[in-house]
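Here are some short exercises to help you find your way around a new structure. Try each task by yourself, then follow the solution step by step.

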Amino acid sequence: ATIRYFNEFGGGPLTMPPEPPTHVAARATGQDRVVISWREPVVDGIGGDAATGYVVYQSHNGYGFGTPRLVAGGQTRSLEITGLAPGATLFFRVAATNPGGESLPSETLAVRIPPAGQRPVLIVNGFDRLNRTMNIRETSPTGIGGVSGTSQTYDRVIPRRSNSYDYSVLYARAAEVSGRAFDSCANECIEAGDVSLSAYSIVLWMLGEESTQEETFSAAEQLRVAEFLDAGGCLLVSGSEIAWDLGRASGPTDADRAFLRDSLRVEYAGDDAGSYFAIGAADTLFSGLSLSFAPTFITYDADYPDQLTPSGGSVACAAYSAGGTGTAAVAYRGGTPERRIVVMGIPFETLDTAALRADTLARIFEFFAPDSPDPINGWMLY
């Protein structure tokens with residue numbers, strides 16, 4: 001609206017800045033290089049105009065970006081960056097450009113170059129949701145807000161407390177502590193086949209507060225995840241609305257429920273556990289672990305965490321506490337070939353300290369290790 005308004009006075013052709021690129025991915029392709037790839041933004045007559053170029057930004061911490069690399073031509077959709085230090089962790093964002101300006105950036109991508117012989121983990125960002133229902137609601141004291149003797153309820157629009165699209169940073173920092181290398185991509189890359197899950201043995205799939213409108217797992221994603229698991233893959237998937245979206249009594253399809261039950265080995269038990277705390281179950285990978293996920297200044301409020309039910313041989317490995325009820329996480333090991341799965345109703349990125357995230361992910365990696373003990377017969381990792 002601002003651009004259209006001022007164009008009335010300046011005259012000339014009107015070009016709207018493009019939308020952000022989609023299907024972004026960052027993958028290490030050697031001991032000193034990574035490739036950043038994307039697809040051109042959608043042009044539908046509602047948003048921006050077509051891109052004529054791109055800018056790839058780089059960061060060492062995932063929050064402050066610089067080192068812009070210009071990519072000319074709207075049809076060029078990748079950039080190789082070389083001369084990087086082995087073991088380095090880097091973060092990237094991609095923006096589209098045209099004569100009207102520059103788009104908002106893509107989600108943040110994380111990549112750590114693997115040492116020789118190490119297979120990287122894949123971090124998949126499936127958390128796209130951002131709407132007014134995620135705003136913080138506050139009620140003012142009586143008499144504040146211009147009306148004597150009453151209080152006012154209002155929304156606080158703070159993107160970092162809703163979805164800042166940079167939670168790959170928190171996964172990356174936790175994986176670093178375990179010495180893991182990693183690539184990352186948007187979930188659309190998996191859906192479209194731009195990135196193959198078969199290139200990885202471990203996938204960390206974040207779903208945050210993704211829910212019914214945006215879909216936690218589309219039909220295409222369900223197919224690709226099921227194929228990955230059937231081939232013996234290891235999967236961590238976390239999010240507060242996964243079971244609600246795929247397994248509640250009305251709304252999901254039979255195929256949704258079957259994927260939740262048979263592939264992820266979990267079923268829906270309830271919509272809101274009523275707590276921001278969970279305790280690891282004895283003799284499981286989370287034994288002795290206290291999982292706190294109260295909102296902080298860098299994370300959002302996962303205010304309706306799903307209650308889960310183990311299914312098909314999975315076991316409950318954490319239960320909500322401090323007034324909450326139900327299973328917070330399940331783990332599964334089995335099948336032929338053997339696959340290993342951890343599903344958390346707590347979004348991993350909302351765990352409230354770096355140390356807790358690192359410890360939690362280290363335990364999950366240990367569970368994914370080929371020689372880890374059988375969870376059904378009892379096992380203690382720590």
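**Exercise 1.** Find where G288 lies among the strands, and decide whether G288 is buried or exposed.

*Solution.* Start with the strands, which, like helices, are DSSP runs numbered from the N terminus (helices: H or I, at least four residues; strands: E, at least two). G288 sits in the loop that runs between β16 (277-280) and β17 (290-292). Next, take the accessibility: buried means under 20% relative accessible area, exposed over 50%, and partly exposed in between (1.4 Å probe, protein chains only). G288 has 71% relative accessibility, so it counts as exposed. Finally, look across to T360: the two are 72 residues apart in sequence and 11 Å apart in space, C-alpha to C-alpha.

Before you go on, note that this is a predicted model, in which local features need pLDDT of at least 70, side-chain atom pairs count only at pLDDT 80 or more, and totals for chains, interfaces and linings use all residues. Residues are numbered from 1 along each chain as its sequence is written, and side-chain values use heavy atoms, with hydrogens and water left out.

**Exercise 2.** Work out why helix α1 lies largely in the open.

*Solution.* Helix α1 covers residues 2-10, nine residues in total. Count the buried ones: the number is zero, so the helix lies largely in the open. Step just past α1 and you meet G11, which has a positive phi of about 70°.

**Exercise 3.** Which parts does the salt bridge between D194 and R39 tie together?

*Solution.* A salt bridge is a side-chain nitrogen of Lys or Arg within 4 Å of a carboxyl oxygen of Asp or Glu. The closest N and O atoms of D194 and R39 are 2.8 Å apart. D194 belongs to the loop between α3 (187-192) and β13 (202-208), while R39 is in strand β2 (residues 33-39), so the pair joins parts 155 residues apart in sequence. D194 is partly exposed at 30% relative accessibility, and R39 is partly exposed at 32%.

**Exercise 4.** Is R333, the partner of E338 in a salt bridge, buried or exposed?

*Solution.* First check the distance: the closest N and O atoms of R333 and E338 are 2.9 Å apart. R333 has a relative accessible area of 17%, so it is buried. E338, at 34%, counts as partly exposed.

**Exercise 5.** How many salt bridges does a search of the whole structure find?

*Solution.* The search finds 14. For a network of salt bridges, look at D32, R33 and E80, which are linked in one.
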